Amino acid sequence: MARRKESDRAQQNNDDSDSNPNDELEEEPDFDDPEGYEDDISEQDLMGDLIRQRPKETDGVESIVVIDGVPQVGPERIEKLQNVLKKLFQKFGKITNEYYPLNPDGSTKGHVFIEYSNASEALEVLKGTNGYKFDKNHTFTVNLLTDFEKYNDILDKWENPVPQPFKEQGCLQYYLLDQDACDQFSVVYEQGDKVAVYLNTQPEPTLLEERPRWTETLVRWSPLGTYLATFHAKGIALWGGEKFQQIVRFSHPGVQFIDFSPCEKYLVSFSPLADSRATDEPQAIIIWDVLSGLKRRAFNADKSQALPIFKWSHDDKYFARMGVDMLSVYETPSFGLLDKKSIKVQGIRDFVWSPTDNTIAYWVGEEKDTPARVTLLELPSRNEVRVKNLFSVADCKMYWQKSGDYLCVKVDRYAKLRKDKSDIKYSGIYYNLEVFHMREKQIPVDSVEIKETIQAFAWEPVGTKFAVIHGEPPSTSVSFYEVKTGQTPTMVKKYERKPCNQLYWAPSGQFIVLAGLRAMSGTLEFVDTHDFTVMNTGEHFMATDVEWDPTGRYVATAVSWWGHKVDNAYWLWSFQGRILKRVALDKFCQLQWRPRPPSLLSAQQIKDIKKSLKKYSAQFEVKDRLKMTKASKELVEKRRKLMQEYEDLRKQKQEEYAEQRRRRIELRNNVDTDETEGRGGELEEETVEFFIKEETTFIDE
């Protein structure tokens, strides 16, 4: 250990009169690394934010764009051209410099150099204006200044790319080949430390895979069930195949939300911790190609936007994002704006894609004397196929039926409006359901008025019915409506005073669970909407979640540790409301069924199978009985084996106890206490009485 020299100490004492006189007795701390120490922390992990901001050799060059195809004008029109171009290009960032090359006669040459404050803004210009049609005679071609060096460095002789080794991933759809068509489900428990995947066999689920620390928060299945996504501090991992091997990884530190496109081609990851205005490239939102694992495009995040930020069309061809007074629609695989520009919609509040067509429904709020409206917009043509004006609107919610045949808009209307300086207050709220008949000519709209507060709304996935919970708890009611071609929706059933706040339709329709979750103590009611028979009622106290399996045969209810810290468990029910299994797990967090892709059978084939189902039901019943008999035998053997293990262990401990008898007597001063331990008859009983109080009562004669 190094010591300071006496002269150094004296000099320090002279310079610093407040120093401690005992300093000379103290040793300096040793900050040297021990011998043989190897630093395994990279500079990127240690100070990644600073590294991204450090100057680069290309700074000032990568932020310059070259726009070709600009109109060639004379000196008298240059100023007007500059104003028009500046108004267009300053939307993408701060312009720090611009240069217009001129001919000897003072006219422009047809190209412009524009410099932005950073490279990310220049990239946005390239994506947003390359191919932009300025007028009928001029179309812009936009490049980065650094692209010219890239094209100059292209080799004259072609070199074949090196083939990458093939990585065997196994059959990713193996779960669809199960002979009994049993579904899989994932379970996260022990506060997220363990994840297990089960096959829903009867009477006991079969464990397929269980791993500790498989994820750091939660898991999520892809929409078609091909992949299982896990969350980690450094990004997202996708798993698949029979052994759930890792398929691909996406590096995105701090990711907290993901969203798959409907066809699983793309994955959107969102990290709220990422710098929303990174100097080099956006980091908050990233769109990935699932098959290749490559980043396709990144976006900045707006803290005011709700999740999911991007909404996808049913065929993965388009995705859209709502901004201030505009709707931005992007196309794949170019990931550029559709027609190179956003759709201007003054006062847009929300939008949703049709589940079967490339049609967007959006609504616009009221403004002064302009009424609110709901618009159906076809893409890519941008034709408005239907517009519905609405008056006295406080809010709207849009619900598509799964088959895309109908759109229901729940309209919150008001009787009176009062505006304060910074707030708007509504009174006399009532509700309308505006139902759009999408498959009929000119898309007629029917209206259903409901005076009470609407708590929940849900379409039947396969069918023409929808259910509404209305009223104030605990005296809520549930009404069922049916929509027919050319007719106003008619009420077919109403249940009075039902303690429920959520609606859960079976994926195949017909059956529905009326659930009173969280504050309503987990009441459950199973209803067959074919004849509106209440098949069964039940209760899972303090339940937080209800999940149907993809086939509609089973329902899972759960009390998540994220919602309640006690009684964490999941229960499995039949679609008729019969309890099948109660499973309590320590700090259980999440249960998710593995989705199935759409059936390859036509609607007519499915209808024919349902008609002839009775012919095959006897075979299924015999198979179920054999399975239960086999399971019973296995259960008896398992219990018999456990009992034998217990008897062997008990015999072993009794022998050990007998062998230690002599030693116990020696340790207890030669007193044999084996016969008296735990026997109450050998103990002395002592009774103790306490004087508590004395009362005197006078009785009048």
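Contact means heavy atoms within 4.5 Å. This is a predicted model, where local features need pLDDT of at least 70, side-chain atom pairs count only at pLDDT 80 or more, and totals for chains, interfaces and linings use all residues. Residues are numbered from 1 along each chain as its sequence is written, and side-chain values use heavy atoms, with hydrogens and water left out.

**View 1. Helix H4 (residues 119-129) and its packing partners.** Helices (H or I, at least four residues) and strands (E, at least two) are DSSP runs, numbered from the N terminus. Buried here means under 20% relative accessible area (1.4 Å probe, protein chains only), with exposed over 50% and partly exposed in between. Among the buried residues of H4 are Ala122, Val125 and Gly128. The buried residues of H4 pack against strand E1 (64-68), helix H3 (78-89), strand E3 (111-116) and strand E6 (141-144). After H4 comes Gly131, with a positive phi near 90°.

**View 2. The aromatic pair of Phe480 and Trp505.** Rings of Phe, Tyr and Trp (its six-membered ring) pair if their centres lie within 6.5 Å; planes under 30 degrees apart are stacked, over 60 edge-to-face and the rest tilted. The whole structure holds 37 aromatic pairs. Here, Phe480 and Trp505 meet edge-to-face, 6.2 Å centre to centre with 90° between the planes. This pair links distant parts of the chain, with Phe480 in strand E35 (residues 477-482) and Trp505 in strand E37 (residues 502-505), 25 residues apart. Phe480 is buried, at 0% relative accessible area, and Trp505 is buried too, at 9%.

**View 3. An aromatic cluster.** Look for Tyr266, Phe299, Phe310, Trp312, Phe319, Tyr330 and Phe335, which form one cluster.
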